[in-house]
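Here is a short report on the fold, its strand pairing and the surroundings of the ligand. Please read it alongside the model.

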Amino acid sequence: MTTSPLTLRSVQTQDASAIAQLMADLAVFGNTLQLPYASEELWTKRLNAAQTGNGLQLVALKDEHLLGFAGLHAAGPQVRRGHAVGLGISVAQHAQGQGVGTALLRALTDYADQWGSILRIELTVFADNARAIALYERFGFEQEGRHRGYALRNGQYSDVLSMARWHPQPPGLTP
Ligand SMILES: CC(C)(COP(=O)(O)OP(=O)(O)OC[C@H]1O[C@@H](n2cnc3c(N)ncnc32)[C@H](O)[C@@H]1OP(=O)(O)O)[C@@H](O)C(=O)NCCC(=O)NCCS
């Protein structure tokens, strides 16, 4: 049996419905800072708002089914933080552990390093999210600190780790 390849492309506003569906799953949104019952309308607004600055949002598809999405978002309005972005990533539960997150992270780090004028990528991750932490460390993210009781998760205030990745070879001038 042949399996179709995974393809990546920029997110489109029309993806809002599939993203809202993916994020409705407790196994996905529970490990992020998103809330239950997010709607297509909310994701449409978010996708429109995020497509600015030096950020980039990608979706991963197989046979036109959206399996995951991930993005880099400007860290804030301060000029002196222009080199830093935040990372978010989510893969549908049935597609986890099959390399979708790896493909998305490879594309985003390549964009940050080669094109996006980005030096620092930062994120928070629940301290017991071993799969996500292993993935981030494989791409050069380091743990920078632990926040106690940072966010309410399914009825408990849970710790998160701050992680960040500095550009492994910051760009210079063409010789
Ligand atoms: C975290 C997440 C994005 C990873 O994406 P994914 O497609 O499942 O990841 P991949 O299959 O590309 O790779 C996961 C890696 O973790 C490893 N892994 C899997 N389970 C693991 C575990 N319990 N402990 C340590 N490593 C684990 C896999 O072996 C794989 O490494 P390998 O390629 O060297 O074998 C995805 O699982 C997800 O969306 N989870 C729910 C939402 C979430 O946690 N988002 C991140 C919030 S910070």
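## Sheet, crossover and ligand shell

Strand E2 (residues 56–62) pairs with E3 in the antiparallel sense, over seven bridges. Two strands count as paired if DSSP finds at least two bridges between them. Strands (E, at least two residues) and helices (H or I, at least four) are DSSP runs, numbered from the N terminus. The model is a predicted one: local features need pLDDT of at least 70, side-chain atom pairs count only at pLDDT 80 or more, and totals for chains, interfaces and linings use all residues. Residues are numbered from 1 along each chain as its sequence is written.

**From E2 to E4.** Leu 56 of E2 has Leu 72 in E3 as its bridge partner. The hairpin of E2 and E3 has two residues between the strands, and Asp 63 there takes a positive phi near 50°. On to the next pair: E3 and E4 run antiparallel and are joined by seven bridges. Here Leu 72 stands opposite Leu 87 in E4. Gly 71 has Gly 88 in E4 as its bridge partner. Leu 72 is thus named in two pairs, with Leu 56 and with Leu 87.

**From E4 to E7.** E4 (residues 84–91) and E5 (residues 120–126) run parallel, joined by three bridges. The chain gets from E4 to E5 through helix H4 (residues 100–114), and this β-α-β crossover is right-handed. That term applies if, with the strands pointing away from the viewer, the path from the first strand over the helix to the second runs clockwise. E5 also pairs with strand E7 (residues 156–166), in the antiparallel sense and over seven bridges. Some of the residue pairs along E5 are listed here.

| Residue | Stands opposite or bridges to |
|---|---|
| Ala 84 | Arg 120 in E5 |
| Val 85 | Ile 121 in E5 |
| Gly 86 | Glu 122 in E5 |
| Ile 121 | Arg 165 in E7 |

Ile 121 is matched with Val 85 and with Arg 165.

**The whole sheet.** What is the order of the seven strands in the open sheet? The order is E1-E2-E3-E4-E5-E7-E6, with mixed pairing. Strand E1 (7–10) and strand E6 (142–153) stand at the edges; each has a single partner strand, so one side of each is left without a neighbour in the sheet. From one strand to the next, the twist averages 25°. Axes are lines fitted to C-alpha atoms, for helices over the stretch in contact, and angles run from 0 to 180 degrees between N-to-C directions. Helix H1 (residues 16–23) lies across E3 (65–74) and E4, running at about 95° to E3. Contact means that two C-beta atoms, placed from the backbone, lie within 7 Å.

**Two loop residues.** Ala 95 lies in the loop between E4 and H4. Leaving aside its neighbours within four places in sequence, Ala 95 is in contact with Leu 67, Gly 68 and Val 100. Why is Ala 95 partly exposed? Ala 95 has 18 other C-beta atoms within 10 Å. The cut-offs are 20 or more for buried, 12 or fewer for exposed, and partly exposed in between, with C-beta atoms placed from the backbone. Ala 95 and Leu 161 are 66 residues apart in sequence and 25 Å apart in space, C-alpha to C-alpha.

Asp 128 sits in the loop between E5 and helix H5 (130–138). Asp 128 counts as partly exposed because it has 13 C-beta neighbours inside 10 Å. Its C-alpha atom is separated by 8.3 Å from that of Asp 159, 31 residues apart along the chain.

**The ligand.** 21 residues surround the ligand, and the closest are Asn 31, Gln 96, Gly 101, Thr 102 and Ala 130. A residue is near if its C-beta atom, placed from the backbone, lies within 6 Å. E4, H4, E5 and H5 are the elements that give two or more residues to the shell. H5 gives the most, with five residues.
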